[in-house]
Amino acid sequence: MPRKPFINHLKSFKILKDNDINQLIKISKEKRIKKGDFLIQEGKFCKEISFVNSGFFHSFYLSRSQEQITYCLTFPSNFITAFSSYLSDQKTQICIQALTDANLTTILKKDLKDLIKSNPRVQRFFNLITEEYLIKLENRFFQLQKDDAKNRYETLVKRHPELIKTMPLKLLASYLGITPRHLSRIRANNL
């Protein structure tokens, strides 16, 4: 069952009752995305939030010189969206692209808002998802400011070794905030 990780994640918060989970399942849809396809592109309005059942994504923006700057990686068992666009109803400045084939459980913003109006537990759950996202974003910021590139690389390898094997060197270097050449030196020293 492709949605099983989604259901397990909902249960893990211990806020939602079975009826709440059933309501969320009822308004959700399964979505498959091929490697290289976009969940959202810059300049579009983000009108959905998704849960990653399987697959990996990278979120990036384009620098002034049109270089992709990866600022976020999203792994299975996490929610994904262009949060600033989703929350503000403004066009997004980011792109979210699949690094592998992926399976998502997606809920349209309109449907979730309607459910939140009638269900305070779902409202609390959505607040927790938003808080979780903000904490991850803050931790990412601190990691870039405090840790050196070698520590950032080692942390990523420890947490997600499967991704390191398949992720393009240039994209991995961008995520770590270093050049591909610097990343090659770090990898050579870690062998």
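Which residues lie nearest the centre of the largest pocket? In this predicted model, the largest pocket is lined by 26 residues, and those nearest its centre are Cys72, Leu73, Phe75, Lys136 and Tyr175. The report below starts from the two sheets and the helices that lie on them, and then turns to the empty spaces.

## The sheet S2-S7-S4-S5

Strands of a sheet pair through backbone hydrogen bonds, either parallel or antiparallel. One open sheet of the model has 4 strands in the order S2-S7-S4-S5, and the pairing is antiparallel. Strand S2 (38–40) and S5 stand at the edges with a single partner strand each, so one side of each has no neighbour in the sheet. Averaged over the sheet and with direction ignored, neighbouring strands are turned by 30° against each other.

Inside this order, strand S4 (residues 57–62) and strand S7 (residues 95–98) form an antiparallel pair held over 4 bridges, and phenylalanine 60 has cysteine 95 in S7 as its bridge partner. Helix H8 packs on this sheet, where H8 touches S4 and S5, and the direction of H8 makes about 85° with that of S5.

## Helices H8 and H9

Helix H8 (residues 169–176) also packs with helix H9 (residues 180–190), at an angle of about 95° and with the two axes 9 Å apart. Because angles from 65 to 115 degrees count as roughly perpendicular, H8 is roughly perpendicular to H9. On the H8 side the contact is made by Leu169, Lys170, Leu172, Ala173 and Leu176, which meet Pro180, Leu183, Ser184 and Arg187 of H9. By class, the residues of this contact are 6 nonpolar, 1 polar and 2 charged.

## The sheet S1-S8-S3-S6

The other sheet described here is also open and is formed by 4 strands in the order S1-S8-S3-S6, with antiparallel pairing. Strand S1 (28–33) and S6 are the edge strands, and each of them pairs on one side only. Strand S3 (residues 48–54) pairs with S6 in the antiparallel sense over 2 bridges, and the bridge partner that phenylalanine 51 finds in S6 is phenylalanine 79.

Helices lie on this sheet too. H1 lies across S1, S3, S6 and strand S8 (102–108), and runs at about 110° to S3. Helix H4 (residues 109–118) packs on the sheet by touching S3 and S8, and the direction of H4 makes about 55° with that of S8.

## Pockets and a cavity

Rolling a probe the size of a water molecule over the atoms shows where empty space is left. The table sets out the volumes of three such spaces together with the classes of their lining residues.

| Space | Volume | Lining residues by class |
|---|---|---|
| Largest pocket | about 640 Å³ | 13 nonpolar, 8 polar, 5 charged |
| Second largest pocket | about 160 Å³ | 5 nonpolar, 3 polar, 2 charged |
| Largest cavity | about 60 Å³ | 11 nonpolar, no polar, no charged |

Which element supplies the largest share of the lining of the largest pocket? The largest share comes from H5, with 8 residues. The elements that each supply at least two residues of this lining are strand S5 (68–74), strand S6 (79–80), helix H5 (120–146) and helix H6 (149–159).

The second largest pocket is lined by Glu67, Gln68, Ile69, Thr70, Lys170, Leu171, Ala173, Ser174, Ile178 and Pro180. S5 and H8 each supply at least two residues of this lining, and H8 gives the most, with 4 residues. Lys170, Ala173 and Pro180 thus appear in this lining and also in the contact of H8 with H9.

How many cavities of 30 Å³ or more does a search of the whole structure find? The search finds 1 cavity of that volume. The residues that line the largest cavity are Phe6, Leu10, Leu24, Ile49, Phe79, Ile107, Leu112, Val122, Phe125, Phe126 and Ile129. Helix H1 (4–12) and H5 are the elements that give two or more residues to this lining, and H5 gives the most, with 4 residues. Among the lining residues is Phe79, the residue of S6 that is the bridge partner of phenylalanine 51. The lining of this cavity divides into 11 nonpolar, no polar and no charged residues, whereas the lining of the largest pocket includes 8 polar and 5 charged residues.

Notes
Residues numbered from 1 in each chain as written. Predicted model: local features only at pLDDT ≥ 70, side-chain atom pairs only at ≥ 80, totals over all residues. Heavy atoms only, no water. Axes fitted to C-alpha atoms, helices over the stretch in contact; angles between N-to-C directions. Parallel < 35°, antiparallel > 145°, perpendicular 65-115°, else oblique. Contact = heavy atoms within 4.5 Å. Nonpolar A, V, L, I, M, F, W, Y, C, P; charged D, E, K, R; others polar. 1 Å grid on protein atoms, 1.4 Å probe; cavity = no way out; pocket = protein on both sides within 12 Å on 5 of 7 lines; lining within 4 Å. Points joined across faces, edges and corners; volume = space filled by probe spheres on them. Pairing = 2+ DSSP bridges.
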